[in-house]
Amino acid sequence: MSLSLLRNTANLSSLPFPVRFISFTAMSKARKIPLLQTPGSEDDGVAPKNRVRKRRVEMIAKEVKIESPDKKFLRHPEIEDFASDNVYSQSIQPPANWESIMEGIRSMRLSEHAPVDSIDPDEGVTSLQPKERRFAVLVGSLLSSQTKGHVTHEANQRLLENGLLSADTMDRADEATIKSLIYPVGFYTRKAQHLKQVAKVCVSKYDGDIPSTVDDLLLLPGVGPKIAHLVMIMAWNKVEGICVDTHVHRVSNRLGWVSRPGSKQGTRSPEETRVSLQQWLPREEWVSINLLLVGFGQTICTPLRPRCAKCTIREFCPSAFKEISTPASTSKTRRPKKELG
């Protein structure tokens, strides 16, 4: 199941904010929201911005402690915890011309077909019961890692045709059977093991359903941040983070949209890119940016020999006409590895 799933999120109108997919409508600039103040707070010697952020951190820490009294799952607050905090979201200045760049990319995406546009992720699964559909989303997302979209789709269809797209049936299935059905997805042997383990957890802990939070999804074998956020969007209709794959990671770095904390250098991993993007990109763009940049990365801003001459936003791109292998490359002579969709 490729990231083109984001095109077909079920009932996105129920989300607490508007989600815009590919369109020509320019988004209005985010308005600055005044810092919250409480009576007497102006005299406590703490800067208003720091006071609000400190209050938010303390509140999150308290919530996490209440949810996990045994401290087994205690964690430091992550960017998702601050997603609705206007003070935090306004602390990073958006890149110059980012809205013009996104409109330019939208125009290029509409004029050229990308591989990510070729697959119907809902084929065969819309008739499944809610639990099974959510499990199918999780399975497809696990299979998609390091695998071309059409290969993932075909493997998912074989599992569907053999009745293995439910936690119960996959839990009872032989691992060798799963392995043969998902071949030739990348790392199919390891993924067959993970699918068996995931199915067992879903049956024993979630009554055949899947976890409904990012933290719980990340506890499953083979599930990383990109998969967790994708599953939250597609299975639970909740947008808690941006799905960042190699294309989003590469394009964001080439455009100079992301950087490491406390540095002007580019991010070194998709997870760093996700955190950096979420600090300034308006939340209503969190879903659409994946499909937008994945297709753009497949057709124009390719891993090797990007087509800068054809790119209509090259005047805004600091990397235009420069041969770049990967955003984190430290050697100009190192031969870049081939990136998978």
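**Exercise 1.** Is C243 buried or exposed in this predicted model?

Solution. Step 1: the relative accessibility of C243 is 1%. Step 2: buried means under 20% relative accessible area. Step 3: C243 therefore counts as buried.

**Exercise 2.** Determine why C308 has no bond to the closest cysteine sulfur.

Solution. Step 1: the closest cysteine sulfur to that of C308 belongs to C317, at 6.4 Å. Step 2: a disulfide requires sulfur atoms within 2.5 Å. Step 3: the separation is therefore too far for a bond. A search of the whole structure agrees, with zero disulfides found. C308 is buried, at 13% relative accessibility.

**Exercise 3.** Describe the salt bridge between R106 and E103 and place the two residues in the structure.

Solution. Step 1: the closest N and O atoms of R106 and E103 are 3.1 Å apart. Step 2: both residues sit in helix α3, and because they are three residues apart, about one helical turn separates them. Step 3: R106 is buried at 1% relative accessibility, and E103 is buried at 14%. Step 4: a network of salt bridges links E103, R106 and E285.

**Exercise 4.** Find which parts of the chain are tied together by the salt bridge of D209 and R134.

Solution. Step 1: the side chains of D209 and R134 meet at 2.7 Å, N to O. Step 2: D209 is in the loop between α8 and α9, whereas R134 is in helix α4, so the bridge ties together parts 75 residues apart in sequence. Step 3: D209 counts as buried at 11% relative accessibility, as does R134 at 14%.

Technical notes:
Residues are numbered from 1 along each chain as its sequence is written. This is a predicted model: local features need pLDDT of at least 70, side-chain atom pairs count only at pLDDT 80 or more; totals for chains, interfaces and linings use all residues. Side-chain values use heavy atoms; hydrogens and water are left out. Buried means under 20% relative accessible area, exposed over 50%, partly exposed in between (1.4 Å probe, protein chains only). A salt bridge is a side-chain nitrogen of Lys or Arg within 4 Å of a carboxyl oxygen of Asp or Glu. Helices (H or I, at least four residues) and strands (E, at least two) are DSSP runs, numbered from the N terminus.
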